[in-house]
Amino acid sequence: MTTAIRLEDVHKSYDHRDVLTGVSLDVPRGGKLGLIGPAASGKSVILKLICGLEQPDRGTIEVLGQNIVGKREAPLGDLRQRIGMLFQNYALFDFLDVKGNVAFPLEQRGGMSPDEIAKRVETRLRAVGLAGSEHKLTSELSGGMKKRVGIARATVADAEIVIYDEPSAGLDPVTTQKIYDLLAADHARTHATVLAVSSDVVALAQFVDEIAFLYRGQIVYRGPAATIVDAPDPIVRQFVRGELEGPLAEVRA
Amino acid sequence: MIDEPPAGSLDHLRPQRDEPPPPSPETGIVSRAFEGIGGGAIRIAQEVGGIVVLSGQVLRALVPPRIDRRELVKNLYKMGNRSVPIVVLTAFFAGGLMTLQAGPFVIKFGAAALAGWAAGYAVLREMGPILIALMFSGRVGANNTAELATMTVTEQLDGLRALAIDPVQFLVVPRVIAMITMLFALTIIGDFVALAGAAIVARVMLGIEWSTMYHSFADNLRPYDFFHGVYKSLAFGGAIAMSSCYFGITVRGGAVGVGRAVNAAVVAAAVSIMLLDFFLTYTTG
């Protein structure tokens, strides 16, 4: 199976603070990898690096066979059109309504008639349960609805790689389940490569094939999602189980 | 030629705005003063450098023109049409005030025929363009900075980049064009309103005849006086546009950062307007 995403010895720091200190990671084409780790461990940074929104201080990042380190905006643009991204804070465009947000990637890309775009957007909005909310402004939406608009926008163009940053953060359990069912249905349809970051490990584990644990700037564990609760690494086990006592607490203290 | 920025957010525009390290207790007061002045000068140079780089990116996006028409029309309307009332009000009173200030003296010296010229000359060449630009900066520039800064802190700019859309080309270029165009148009409107204001105040409050004011304008003011103010408005529009967009897209730090960005943009625009006015007046008379 070929690799869709490959990171090798990636380092990144902000304001003299080391966030990533040698991350190596790969995601096979069509695979679903979950990324977990303590707060502020650099999970979202990895996602932005993969999308080319940030550049690493050093290391190699290959996405769909292309090395993206040091690439300029224009050539990166072609690659980004093959990636869909759901941002942690939605990043919905407040100058557009719901329909405009979802249609935006297709309109900007070109090559589709307005009728085709309208039909595709209508289908996507129905799939995420937002039929009837087409003309609402993003400021009129609840957190769950914003999330679903973000998912619709990230997946409307049937991207080869879909990146989800906290798809269920701040949502109630029922909405969380709905969101993950939606993501699973979408993956079954497109077979896109998925990389998802989530703090809700239980829900994430039901969706992805494997889970990697980011800790102190490195991937310290990677294993099957189904058995993450019983991971051999005590730090991962403690994190997943949410236990107060253990090596994670000792190290963090 | 301006190089295309490397990938990786808009960091190439964003200066380090970290606070300088506190001076050690042994540092003398003179050294501290020099450190403060030096630090301030470096920060200003960084901001000016960022604005110059952004201006280069805007110019490059214009050759060939790649402008989102929907964004341009929206901004032309929002920045232009909605500013007309405040500009008309400002210009009317600017013209009236000039007459009110100069009127008693010209009457005292029997030079009522010069009242229109005095007011018109001051308003067309200096007061009109500057006051309108400052009003425009306060209303449109500040709003633009707040809007872009909010979009930046809510990751909407990253959202655009993730969709392979250049935020400078999509958001900044239409705003720059709209601001320059609309300040130019508003200055022309404002000039005529200011002359009307001068004439009305002269008639109502100073008893100077309409015909006296008309002849004072027509006989003494040259077309150059009008164009001198109007072409300066193009430079003022550019300064307001670039500073408001620059501080908007380089903001850091959430809501507090947005507030700081708006403040910095308004101050930078006001200082730029004064400096440009001095420079342009000195070089072109």
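This passage describes aromatic pairs and the contact between chain A and chain B in a predicted model.

We can begin with the rings. A pair of aromatic rings is described by the distance of the centres and the angle of the planes. Over all chains, the count comes to 15 aromatic pairs. One of them joins A:Y164 and A:F207, whose ring centres are 6.4 Å apart and whose planes meet at 65 degrees, an edge-to-face arrangement. A:Y164 belongs to strand β7 of chain A (residues 161-165) and A:F207 to helix α7 of chain A (residues 201-207), so the pair ties together parts that lie 43 residues apart in sequence. Both partners, A:Y164 and A:F207, are buried.

A second pair brings A:F213 together with A:Y215, and here the rings are stacked, with 6.0 Å from centre to centre and 25 degrees between the planes. The angle of 25 degrees falls under the 30 degrees that set the limit for stacking, and the pair is therefore classed as stacked. Turning to accessibility, A:F213 has a relative accessibility of 0% and counts as buried. A:Y215 has a relative accessible area of 9% and is buried too, because buried means under 20%.

Rings from both chains also come together in a cluster. A:F93, A:F95 and A:F104 form one aromatic cluster with B:F170. One member of this cluster, A:F93, has a charged neighbour as well: the charged end of A:R153 sits over the ring of A:F93, at 4.5 Å from its centre.

The cluster leads naturally to the contact of the two chains. Chain A brings 30 residues to this contact and chain B brings 26. The size of an interface is often given as the accessible area lost when the parts come together. For chain B and chain A, the buried area is about 2,300 Å², and carbon and sulfur atoms give 53% of it.

Charged and polar pairs add further detail to the interface. There are 4 salt bridges across the interface of chain B and chain A. Among them is the one between B:E155 and A:K48, where the closest N and O atoms are 2.8 Å apart. The interface of chain B and chain A also holds 6 residue pairs in polar contact, both residues being at pLDDT 80 or more. On the side of chain B that touches chain A, the helices α2 (69-80) and α5 (156-162) of chain B each supply at least two residues. Of the elements on that side of chain B, α5(B) gives the most, with 6 residues.

Conventions: Residues are numbered from 1 along each chain as its sequence is written. Chains are lettered from A and ligands numbered from 1 in the order in which they are written. This is a predicted model: local features need pLDDT of at least 70, side-chain atom pairs count only at pLDDT 80 or more; totals for chains, interfaces and linings use all residues. Side-chain values use heavy atoms; hydrogens and water are left out. Rings of Phe, Tyr and Trp (its six-membered ring) pair if their centres lie within 6.5 Å; planes under 30 degrees apart count as stacked, over 60 as edge-to-face and the rest as tilted. Helices (H or I, at least four residues) and strands (E, at least two) are DSSP runs, numbered from the N terminus. Buried means under 20% relative accessible area, exposed over 50%, partly exposed in between (1.4 Å probe, protein chains only). A charge sits over a ring if NZ of Lys or CZ of Arg is within 6 Å of the ring centre and within 35 degrees of the ring normal. Contact means heavy atoms within 4.5 Å. Buried area is the accessible area (1.4 Å probe) that two parts lose on being put together, summed over both. A salt bridge is a side-chain nitrogen of Lys or Arg within 4 Å of a carboxyl oxygen of Asp or Glu. A polar contact is a pair of N or O atoms within 3.5 Å; within protein, one must be able to donate a hydrogen and the other to accept it, and residues adjacent in sequence count only if both atoms are side-chain atoms.
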